[in-house]
Amino acid sequence: MAKEPVRLPDAEAKVLAEQEQGDGPVEGLRQERSVGPITTDEAPTADELSAPPPSSSNGNAGLLVELPTKGLLYGDSLPGGTVEVIPITFKAEKRLAGGGGNMASIMDTLLRTCVQTDALSLDDWITTDAFYLLLRLRGHTYPSDMFPYHFPVQCDACGATFQHECHIPDDFDIRWLEDDAEEPFFIDLPDSGVTISTRLLRRKDEKQIAKYAARAGRRRRGVDIEGDGEDMSYAYRMATRITEVDGDKLPLEKRLVWLDTLSAIDTLEIKDYFEENDPGMDTTMWIDCTSCGYENEETLPLTGEFFRPRRNRK
């Protein structure tokens with residue numbers, strides 16, 4: 001006896017009927033890869049259900065993106081330093097909505113679902129490359145001419161709050177890694193005369209920094225220690241990037257103690273070197289206050305509109 005086909009819910013049956021009549025996909029629904037009529041003896045496999053669609057629901061094909069590091073610091077994993085990204089899908093959007101605003105979770109979701117490469121694990125991405133992909137992915141999913149990014153700015157001079165509009169990625173400059181660059185990078189400190197070796201952070205480092213900051217915050221609530229979670233994570237981040245001090249490979253805790261002995265001139269030298277040489281998209285902006293005209297220095301914030309933009313209707 002032939003098995004009865006599985007009955008689809010009325011809404012899905014209506015969508016399929018409209019597609020068969022040539023009306024195309026219903027607006028707002030993601031167009032999945034067709035697997036033919038579903039019957040109880042021909043159910044799709046788990047791999048088929050989880051496979052990404054051949055193109056996005058907005059009709060855009062994949063976008064080839066050259067990484068700011070040009071792939072030079074990944075060994076042979078990313079020759080040429082170019083990866084393909086596909087627009088954010090509804091499946092990824094659901095995960096973002098349930099991520100609770102946790103940046104590590106958001107980055108994991110987008111790298112896993114929208115970056116088309118298995119060459120690297122999630123934790124091995126260089127932080128600046130991963131953030132650059134996030135910005136390019138936003139611009140590819142939501143074209144900036146239709147979906148500019150709006151965020152609030154509070155003027156440092158008069159205190160007025162106003163909305164600023166920018167276009168991602170068009171409004172920002174990219175800093176590329178030099179073709180002959182390799183880790184470690186060396187910084188000569190002017191005051192102490194010490195030479196330090198440094199590296200770029202990976203995403204696994206960022207997760208450890210977040211854990212360290214959380215632990216430091218909890219410890220501060222229970223014990224009288226210097227610093228809070230934020231400024232201690234700042235020191236932890238800098239110490240993680242330093243690999244050697246005058247050729248000595250110090251453990252992390254000793255690097256933290258050593259940093260406390262540096263003069264402000266030496267720490268400024270380290271910070272300036274990172275700001276001037278780290279590859280990635282420069283998200284620093286100078287924004288004129290709409291009330292008093294004061295020029296405010298801002299760094300691109302990530303608000304809810306970053307992933308759920310408003311269409312720029314004219």
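A salt bridge is a side-chain nitrogen of Lys or Arg within 4 Å of a carboxyl oxygen of Asp or Glu. The structure holds 10 salt bridges. This is a predicted model, in which local features need pLDDT of at least 70, side-chain atom pairs count only at pLDDT 80 or more, and totals for chains, interfaces and linings use all residues. Residues are numbered from 1 along each chain as its sequence is written, and side-chain values use heavy atoms, with hydrogens and water left out.

Q: What makes the pair of arginine 308 and glutamate 93 a salt bridge?
A: The N to O distance between the two side chains is 3.3 Å, and the definition asks for a nitrogen within 4 Å of a carboxyl oxygen, so the pair qualifies. The pair links distant parts of the chain, 215 residues apart: arginine 308 lies in the segment after β11 (295-299), and glutamate 93 in helix α3 (residues 90-97). Helices (H or I, at least four residues) and strands (E, at least two) are DSSP runs, numbered from the N terminus.

Q: Why is glutamate 93 called partly exposed?
A: Its relative accessible area is 23%. Buried means under 20%, exposed over 50%, and partly exposed in between (1.4 Å probe, protein chains only), so glutamate 93 is partly exposed.

Q: How do you know that lysine 204 and aspartate 124 form a salt bridge?
A: Their closest N and O atoms are 3.5 Å apart, which satisfies the cut-off, so the pair counts. Lysine 204 belongs to helix α6 (residues 203-222), while aspartate 124 sits in the loop between α4 (103-114) and α5 (127-141), 80 residues apart. Lysine 204 is partly exposed because its relative accessible area is 41%, and aspartate 124 is partly exposed because its value is 31%.

Q: Is aspartate 205, the salt-bridge partner of arginine 199, buried or exposed, and why?
A: Aspartate 205 has 10% relative accessibility and therefore counts as buried. Arginine 199, at 21%, is partly exposed. The closest N and O atoms of this pair are 2.8 Å apart.

Q: Why does glutamate 276 count as exposed?
A: Glutamate 276, in helix α9, has 56% relative accessibility and so passes the limit for exposed.

Q: What is the position of leucine 252, and why is leucine 252 called partly exposed?
A: Leucine 252 is found in helix α8 (residues 252-260). Its relative accessibility is 21%, so the residue counts as partly exposed.
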